[in-house]
Amino acid sequence: MRWLPFLGLVALPAVRGVAPTDFLQDTDAAQSGYLPNHNISPAIASTFVLNWKIAFNTNEAFYAKPLVWTPPGASSEQVIVVSNQNIIRILDGLTGTVINQRILDPPFQAADSSCGDIQFTIGITGTPIIDPGTNIMYLFSKGYKGGATGSGTLNGQYKFYAIQLPSLNDVFPAVIIDGHFADNDHTRYFVGGTVLNRPGLAMVGNTVIGGFGGHCDNFNYTGMLVAMSKTKGVGVTSIMAMEANPGAPQPQQLDYTKQGGGKAGIWQSGFGIAADTANNRVFFVTGNGAGGAGDNGKGTPASGKVPISTLQQATVDMGVSAAGVFSQRDYFEPFEYASLDGGDIDFGSSGAALLDPLFSGGGVNRVLVAGGKSGKIYFMDADNLGGFAMGSGGSDAGTCYAANSSILVLQTITSSNKLLSGVASYPAEGGYVWLADVNNGLVAYNAIPNGNVLSPISMGSTGRLQKYQRPSFGNARVYTTETNQIMGIGPSTTPAITCTPSPVGFGTVVAGATKNINVKCTAGAKALTLNGCSTNLDVFQCSGVPATVAAGGSFTMVVTLNLTSAAIELTRQNHKIDVKPGAIAGSLALNAPSGNIPLASLSLTGTVSASGGYIDLSAVQIDFGGLTIGSSSTATLVVNNDGAGTLTFTGFAYRSAYTGPYTNVTTSGKPVVVGGAFTATGFPTNGATIVAAGSTTITLTFTPTTTGSSTSILTFWSNGGWQEVMLVGTAS
């Protein structure tokens, strides 16, 4: 068995040839990322090239994932895409040709969200779901009351649509969600202008479920889970507020511009809500809240089986009755959730993945995996998530305080990076893993690591992709998006032209410098007419492409990684990308005389190195777990200099909360105090240096003197920027 904590992943097995091959929602119902039915083997994937690419309106963007659907009796599949402009399109899967389209109400204006995360307009942003039994597609669409084109935040509203395929006609009139209050708090209403449907939809029986978060946490909102009936005339069957009375902020703010609603949004970087259809329940993860300790009793351990009114920073098991009514069944909330709240460090940034039943044993029937911005990945018993602080010393994991000795959180793994996407799993020995990489485009790896490294499968380049995506699959084909473009990727046995090296790797290049690589391209069996070359980022450049090349003929072009300040600024302005030390990737296209399909695509990779020092920490959070008073636990933190010059420390400080005051670190102490219950040895002094590509290791110790949780946000300042790490621990 293998689990794979990658961003935007799905895992495919070796070919099984199981039909149907349609992709009717964001990955699978359980969000396990395991897709055994798409007829793609590593051998086929190695022949994949960009078959077609279609660009739509300039201000249009595709945040929802494409769906793949084969009409009854059809010989080939179709691709269904929905956009921020409230436009639904059906495309031919083989060619990208638009077969049918429909425009819903005018979309919500992004300016009325007071948030720049989604540009221009906000329409359909959550991935729809198709019922295979009826060929009906369900979705939420944001617009304005009365079908207006604007007039402010409070005039915004959400509608729920049931759309028959392939006609795109309404099965029943769209249902307005606004005006309904939450089952668990009748003072908290659904206000469409202040919330955003970002996660993919789920379906349990006759109920369609959607999650709602906020726009940059603006406005007086709380996260909501909404249930809709698939039956005409029924509409909303249940709404559950993530922050409710008595634990939520009271009294409820009447000024919608004030952030007093409690938050705890459900956004999950756009990834779908996990459904356990056999047990009539769904799993999801919430973000930061403002409800205080609420029913958790300000740090008192609490069973997840006892419902609470403040589901912030929580993984939630929500039951769905046959009538579509929600009931809170279980939850897990990290012991340091209050500290995460203060730093906007969402637990709910990755969603929840319910793994295949093969991942079971020791009394655990199903495993649920979730992770967030803290870099921590939690493996939970799906039938006993863990509650709050139920582990040893008030930690997350271990033996329950109660009379029974059930194990709660099964395992916690800490990554050095934030998780802003979903988890994939592979319940077998073989197969491969796909990743929709923002920088590198569509990539695939063999699922079984070579040592600790996944080996890539070589295939053509798509170029950069839209963030928070997972690829969508059809019958031996893959579909993905970049801003206003939809791409179809499939096998090709006769490339028109081949280039070497491919991919083009620049290695490490210091900021301010440029590096050129000669790339030789050879035409296939036919003579070609070319229209130059283009790259998708201004820091990558190319030249030397002739107008024509004979059959079997060759030419050499120059490909450049240009890290001058002018090229970096153009990349920021034109692509909204800040080039900074670390990996950078893009793509190069050899353009055909007409059309959107390049004759060849090459991946471009490199590493940007700062000309001076550049600070990088080995962790964003260090969890010391649960202890007893008087005991201690240690961990290490590595401070790296990723720059080409010397890194010099200019200061250090800590604070107990993100909103609290700083306390300067006094490095003369032995050991050095770096928080209320935290000390360090091997800590650098002010003015100390790290050579280029060097590092220093600090040993950190947690020695609690009081019960409850402890937090320290430790900040390092240097001539190469600043970084911080959160230290957390708890004691009994």
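**Figure 1. Charges and overall build of the chain.** In this predicted model, the chain carries 35 positive and 40 negative charges, and the mean positions of the two sets are 5 Å apart. The chain holds three helices and 58 strands. Its radius of gyration is 26 Å, close to the 27 Å that the globule rule gives for 732 residues, so the chain is as compact as a globular protein of that length. Along the principal axes, the C-alpha atoms fill a box of roughly 80 × 70 × 55 Å.

**Figure 2. Inside and outside of the chain.** Here the view turns to burial, surface and contacts. Of the 732 residues in the chain, 56% are buried. The chain exposes about 26500 Å², and 52% of that area is supplied by carbon and sulfur atoms. Among contacts with a separation of 6 or more, 66% are between residues 24 or more positions apart.

**Figure 3. Gln621 and its partners.** Gln621 is part of strand β49, which covers residues 621-627. Is Gln621 buried or exposed? It counts as buried, because its relative accessibility is 2% and the cut-off for buried is under 20%. The side chain of Gln621 makes a polar contact of 2.6 Å with the side chain of Glu336. Glu336 also appears among the residues in contact with Gln621 once neighbours within four places in sequence are left aside. That list further includes Leu340, Ser374, Lys376 and Thr414, and it continues with Val725, Met726 and Val728.

**Figure 4. Asp178 in its loop.** Have a look at the loop between β14 (175-176) and β15 (181-182), where Asp178 sits. With a relative accessibility of 17%, Asp178 counts as buried. Which backbone nitrogens does the side chain of Asp178 reach? One belongs to Tyr158, at 2.9 Å, and another to Gly192, at 2.5 Å. Both of these residues are also on the list of those that Asp178 touches when residues up to four places away in sequence are not counted. The list includes Gly156 and Gln157 as well, along with Phe190, Val191 and Gly193. For Val191, the C-alpha to C-alpha distance from Asp178 is 5.5 Å, with their positions 13 residues apart in sequence.

**Figure 5. Ser425 and the backbone of Ser32.** Strand β31 (residues 424-426) contains Ser425. This serine counts as buried, at 1% relative accessibility. A polar atom of the Ser425 side chain lies 3.0 Å from the backbone oxygen of Ser32.

**Figure 6. Gly669 and Val423.** Gly669 belongs to the loop between β52 (663-664) and β53 (672-675). The relative accessible area of Gly669 is 24%, which makes this glycine partly exposed. How far apart in space are Gly669 and Val423? Their C-alpha atoms are 43 Å apart, and in sequence the two residues are separated by 246 residues.

**Figure 7. Two cis peptide bonds.** Some background helps with this view and the next: most residues other than glycine have a negative phi, and most peptide bonds are trans. Leu165 and Pro166 are joined by a cis peptide bond with omega of about 5°. Pro166 is placed in the loop between β12 (156-164) and β13 (169-170). The peptide bond from Thr500 to Pro501 is cis too, with omega near 0°. Pro501 has its place in the loop between β38 (497-500) and β39 (504-510).

**Figure 8. Positive phi at Phe120 and Ser151.** Which sign does phi take at Phe120? The value is positive, near 70°, in a residue other than glycine. Phe120 lies in the loop between β8 (108-109) and β9 (121-122). With 43% relative accessibility, Phe120 counts as partly exposed. Ser151 also has a positive phi, near 125°, and is likewise a residue other than glycine. The loop that holds Ser151 runs between β11 (136-144) and β12. Ser151 is exposed, because its relative accessible area is 58% and the cut-off for exposed is over 50%.

Technical notes
Residues are numbered from 1 along each chain as its sequence is written. Side-chain values use heavy atoms; hydrogens and water are left out. Helices (H or I, at least four residues) and strands (E, at least two) are DSSP runs, numbered from the N terminus. The radius of gyration is taken over C-alpha atoms; the globule rule is 2.2 Å times the number of residues to the power 0.38. Buried means under 20% relative accessible area, exposed over 50%, partly exposed in between (1.4 Å probe, protein chains only). Contact means heavy atoms within 4.5 Å. Accessible areas come from the Shrake-Rupley method with a 1.4 Å probe; for residues, only the protein chains shown count as cover. Lys and Arg count as positive and Asp and Glu as negative; His and the chain ends are not counted. The place of a charge is taken as NZ of Lys, CZ of Arg, CG of Asp or CD of Glu. A polar contact is a pair of N or O atoms within 3.5 Å; within protein, one must be able to donate a hydrogen and the other to accept it, and residues adjacent in sequence count only if both atoms are side-chain atoms.
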